Amino acid sequence: MAKEEHRIVKGQVMVPYEVALGKTWSMFYDFLKEEKIMGKKCPQCSRVLVPPRSFCPRCFEDMDEWVEVSQEGIVETWVYVNMPFFAQELKIPFISAQIRLDGSDTGFIHQVAGIDLTEFEKVREIVKLGGRVKAVWSREKKGNILDIAYFEPVK
Amino acid sequence: MGNAVAIIGTGQTKHGRRSDVCYPDLVREAVTAALEDAGITLKDIDGIVLGTMPSMMEGVSSTHFYFAEAMGSVGKPVLKVETCGSTGQSIGHCGFFWVASGMADIVLVVGSEKMSEGDGQATMTTVFDPFFQRTFAAGAPGVFTMQSMEWMYRFKIPEEKGREAAARISVSNHDNAMDNPHAHIRTRVTMEDVKNARIITYPVRLLDVCPASDGACAVIFATGEKARKICRKPAWIKGLGFRGEEFFYGESDKAIWMSATEAAAEAYRQAGIRNPLKELDVAEIYNPFTYQEMIFYECFGFCPRGEAPDYVLKGTFLKDGELPCCPSGGTLCSNPIGATGLIRLAEAALQVTGKAGARQVEGAKLALSHAMGGVDQFNGVTIVGSEL
Amino acid sequence: MQRVAITHVAQSSGMESKESLMDFTYRVNKEILDKAGLKRREVGCIVAGSADIFHSGLSCANAFDWDGIGAFLKEGSRAEESAFSFIYGCMRILSGRYETVLVTALVKGSENPDNDPITSFYGDPFYLRPVGVNESVVAAMQMRQYLERYGVTEEQCAKVAVKNLGNALFNPYADRKRRVSLEDVMASERVYDPLKALECAPKSDGVVAVLLASEERAKTLSKKPVWLSGYGCSMDHFHPGDRDLLKGQLPAAAQRAYKMAGIDDPGKQIDVAEVCEPYAFQELLWCEHLGFCGEGQGGRWIDSGMPLMDGALPVNPSGGVLATNPYPARGLYRIAEAALQIKEEAGEHQVGKKVRTALAHSTHGFGGQCHSVVILSA
């Protein structure tokens with residue numbers, strides 16, 4: 001005799017992948033190893049895109065010109081993340097931020113750290129929209145986005 | 001312009017945690033309701049369009065296979081369309097074009113999600129690329145918070161005022177959901193409840209955020225000729241637009257939000273709408289976050305940039321206001337993602353055909369429906385009217 | 001009624017690319033726009049074809065695809081299988097609202113797991129998946145029935161692989177390029193007995209784009225537009241056990257397409273066919289279902305030489321899916337190749353006979369759960 005309650009089956013789905021970064025993004029990471037943040041400039045609209053692209057999504061033209069951008073920029077927006085979820089890479093709490101690096105025309109997504117992050121009220125006294133931040137490099141370079149360890153507020 | 005197309009029936013499930021049914025049965029519930037509403041049977045359906053959020057959310061990919069029987073698609077042509085959160089609008093658009101192309105007379109469109117069967121935030125994080133931005137992603141709340149903060153900063157909206165207006169939006173959506181038997185969250189909340197709710201990602205609090213819902217919606221599209229024959233009161237498709245921005249977050253301006261602005265502009269152009277605030281009678285906006293709803297008001301031309309909080313505070317978008325928004329309780333009270341955009345369209349159709357029951361806006365003739373998808377990347381708009 | 005034409009085609013090689021998926025997509029789209037002399041901004045609408053589960057670890061494939069397909073702030077959408085994308089693009093034109101639509105399908109198989117673990121996700125997680133069902137498993141069960149019920153031989157099935165991999169040697173875009181003999185195929189590992197390794201499609205990279213245009217626009221864009229004259233699609237039951245695996249929905253899909261195109265004798269009226277055959281024997285079964293030969297006659301049909309490159313009805317002159325299998329893009333590859341045959345632009349794998357009408361077929365799902373048939377005409 002079947003039971004009344006409805007059964008739930010639990011499981012997990014894992015799909016491995018291996019993603020080719022291609023020439024432009026591979027070079028971006030090579031530049032990071034040299035502690036340079038490089039963008040690419042569109043020959044048509046003249047925007048500098050960071051991360052770089054091999055082509056401009058708006059003009060649909062190849063972008064061949066590398067441009068080094070500043071390691072400092074302005075916080076366009078940020079979020080204090082104190083919410084755990086599956087497969088999160090960074091330990092909470094952390095700050096995700098959109099940073100307009102001087103000399104670029106796009107917002108660069110990274111984390112703001114290097115300050116005490118435990119209390120939100122203290123953090124918001126330091127991290128401000130429009131405030132300036134500066135890249136802090138990891139000593140050991142692994143060829144990934146965390147070769148820039150984080151951006152720290154400029155005093 | 002082009003061939004006339006109308007909505008002749010809609011169906012929705014009760015949205016919420018639906019562990020009483022398996023996923024295909026949930027889909028079937030909406031399909032059956034839509035067929036009943038239109039007064040037709042599966043035999044009358046020439047083709048079926050479906051879509052969900054990311055394929056693997058519920059542990060099954062390519063659900064057009066899994067739902068074959070539930071949608072009644074065995075032996076029929078199928079088209080699977082997906083554009084993340086905006087899927088609901090995109091499948092509606094596909095239903096429209098299938099009929100408008102002359103390749104079908106009647107098309108069934110089905111959107112669904114069973115959020116309780118997956119980890120929505122973890123899944124959405126995989127929308128970010130795995131080499132630049134995923135590391136810093138914090139699901140949907142993280143992104144929407146960043147966007148809201150940027151918007152308030154840009155237009156110098158004082159934090160207090162933004163908070164007050166967002167709380168009003170939460171209260172009114174919750175009030176509206178009380179009138180909607182399909183809604184997931186049906187509890188009244190007060191301004192104090194919203195302002196004191198648990199912080200998710202500052203300044204966004206629990207009651208600023210939609211739930212994760214199970215639910216499905218089905219909408220039936222027909223040629224003008226068929227619609228007039230079958231349906232006493234069809235909802236006519238007046239205009240539609242879909243726009244997307246660049247993939248990488250931060251590349252385009254989310255305080256102005258071109259994709260939302262231009263998707264609506266395109267739909268207005270087709271519908272001949274010049275002053276949306278005056279001409280539209282009701283809007284069903286995809287509003288998973290209270291603050292974001294205000295950005296949409298501005299993108300859709302309901303008010304000038306930076307002034308949405310003022311309009312909210314003076315009651316413009318309340319049920320008895322100048323342009324009632326989300327009389328269904330909106331996405332804020334029910335969010336089965338793949339269905340959500342189609343629910344907005346179904347609700348708009350119900351409004352202009354006078355079938356919205358307790359949530360009916362008196363005399364509504366022209367309605368906007370909308371959905372947003374990706375990491376703030378996509379926006380789709382459909383406008384329906386009681387007259388062609 | 002409006003008409004819709006394919007005016008231009010561009011495709012990448014099926015071989016593994018070291019480009020990023022975004023760049024890989026961009027190159028092909030840039031190429032087709034340059035060929036057509038169009039700017040991105042001038043295209044009316046853009047439809048992508050890509051599948052989340054075949055998408056390099058990225059969900060919501062349309063999000064990542066958007067830049068490379070040139071869709072920034074353009075009207076557009078995405079369908080999960082590329083024959084769906086194609087027909088959706090056609091619908092946009094036929095509605096009279098767009099003069100041009102760019103349809104692009106893309107995948108990098110090299111960045112994904114093998115097709116078998118991926119297709120196992122078509123199954124539900126409590127019945128089909130736990131008992132090991134994937135597309136190859138169902139195909140092997142289907143093949144066994146095919147051999148037993150009609151007396152088709154394993155050698156006859158293997159001949160399909162010999163033919164298609166042979167054709168692929170003349171296709172510069174093909175992935176698996178290897179001259180194989182009947183003995184090679186028969187001796188290859190019996191991976192899903194009776195299926196042998198060389199009878200199963202590889203996983204390939206691939207981006208393919210077709211530019212669609214309204215009748216008026218097509219005539220100015222191209223000297224030789226290729227017209228859509230028929231389309232049919234049909235979906236089968238989900239559980240393979242609910243169906244007769246040898247009947248299926250392809251006859252229904254084909255009949256819809258034939259009716260629309262005014263075809264009553266497909267074996268005579270169709271000049272060339274690009275058939276989606278992820279498993280060698282399926283080409284024979286599908287050709288029966290398409291009405292190229294009688295029920296159970298697939299074996300004799302290939303023995304007769306009819307489907308060879310210089311035969312009366314060449315099938316898969318491109319080498320088909322057995323040579324190149326960019327899974328969610330393979331349907332659009334078939335359509336593009338069929339169009340190239342009509343345009344006489346297929347190069348070394350152009351068939352000898354004059355092509356006026358071509359058939360393209362796409363299938364996906366267990367044992368061909370969903371079939372699409374497209375008829376193109378000069």
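Start with chain C and select its two domains: the C-alpha centres of domain 1 and domain 2 of chain C lie 22 Å apart. This is a predicted model. To make the selection, take residues 4-113 together with 204-221 for domain 1 of chain C, and residues 226-377 for domain 2, as the domain assignment gives them.

**Between the domains of chain C**

Next, show where the two domains touch. Domain 1 of chain C puts 29 residues into the contact, and domain 2 of chain C puts in 21. On the domain 1 side, the elements of chain C giving two or more residues are strand S1 (4-11), H3, strand S4 (100-108) and strand S5 (205-214). H3(C) has the largest share of that side, with 6 residues. Colour the domain 1 side by class and 17 nonpolar, 9 polar and 3 charged residues appear.

**From chain C to chain B**

Keep chain C and add chain B. Here 46 residues of chain C are in contact with 55 residues of chain B. On the chain C side, select helix H2 (61-68), strand S3 (76-79), helix H3 (82-94) and strand S6 (226-235), the elements that each give two or more residues. By class, this side of chain C holds 24 nonpolar, 12 polar and 10 charged residues.

**From chain C to chain A**

Now swap chain B for chain A. The contact between chain C and chain A has 17 residues from each of the two chains. On the side of chain C, helix H1 (residues 21-36) supplies the largest share, 3 residues. The classes on this side of chain C are 5 nonpolar, 5 polar and 7 charged.

**Chain B as a whole**

Hide the other chains and look at chain B alone. Its C-alpha trace spans about 55 × 45 × 40 Å along the principal axes. How does the radius of gyration of chain B agree with that of a compact globule? A compact globule of 388 residues would have a value near 21 Å, and chain B, with 19 Å, agrees with this. Of the 388 residues in chain B, 71% count as buried. Among contacts in chain B with a separation of 6 or more, 78% join residues 24 or more positions apart. In cartoon view, chain B shows 14 helices and 11 strands.

**The sheet of chain B**

Select the strands of chain B that build its open sheet. There are 9 of them, in the order S3-S2-S4-S7-S1-S8-S11-S10-S9, with mixed pairing. Why do strand S3 (78-80) and strand S9 (282-284) of chain B each have one side without a neighbour in the sheet? They stand at the edges and each has a single partner strand, so one side of each is left free of a neighbour in the sheet. From one strand to the next, the twist averages 25°.

Within this sheet, zoom in on strand S1 (residues 5-12) and strand S8 (residues 235-244) of chain B, which run antiparallel and are joined by 2 bridges. B:Ile7 is found opposite B:Ala235 of S8(B).

**Three loops of chain B**

Go to B:Cys84, in the loop between S3 and helix H3 (87-100) of chain B. B:Cys84 is not a glycine, yet has a positive phi of about 60°. Is B:Cys84 buried or exposed? B:Cys84 counts as buried, because 29 C-beta neighbours lie inside 10 Å.

Move on to B:Trp257, in the loop between S8 and helix H9 (258-271) of chain B. B:Trp257 also has a positive phi of about 60° without being a glycine. With 23 other C-beta atoms within 10 Å, B:Trp257 is buried.

The next stop is B:Pro203, in the loop between strand S5 (199-201) and strand S6 (204-205) of chain B. The peptide bond that leads from B:Tyr202 to B:Pro203 is cis, and its omega is near 5°.

**Chain A**

Bring back chain A and find A:Pro51, in the loop between strand S2 (48-49) and strand S3 (65-68). The bond from A:Val50 to A:Pro51 is a cis peptide bond with omega near -5°.

Last, select strand S5 (residues 94-101) of chain A and S6(A), which pair in the antiparallel sense over 5 bridges. One partnership to display is that of A:Ala97 with A:His110 in S6(A). The two strands S5(A) and S6(A) form a hairpin with 6 residues between them, and A:Gly103 in the turn has a positive phi of about 95°. In strand S6 (residues 108-112) of chain A, 5 of the 5 residues are buried, so the strand is largely enclosed by the rest of the structure.

Conventions:
Residues are numbered from 1 along each chain as its sequence is written. Chains are lettered from A and ligands numbered from 1 in the order in which they are written. This is a predicted model: local features need pLDDT of at least 70, side-chain atom pairs count only at pLDDT 80 or more; totals for chains, interfaces and linings use all residues. Two residues are in contact if their C-beta atoms, placed from the backbone, lie within 7 Å. Helices (H or I, at least four residues) and strands (E, at least two) are DSSP runs, numbered from the N terminus. Ala, Val, Leu, Ile, Met, Phe, Trp, Tyr, Cys and Pro count as nonpolar, Asp, Glu, Lys and Arg as charged, and the others, Gly among them, as polar. Two strands pair if DSSP finds at least two bridges between them. Axes are lines fitted to C-alpha atoms, for helices over the stretch in contact, and angles run from 0 to 180 degrees between N-to-C directions. Domain bounds come from an automatic or database domain assignment. The radius of gyration is taken over C-alpha atoms; the globule rule is 2.2 Å times the number of residues to the power 0.38. A residue is buried if 20 or more other C-beta atoms lie within 10 Å of its own, exposed if 12 or fewer, and partly exposed in between; C-beta atoms are placed from the backbone.
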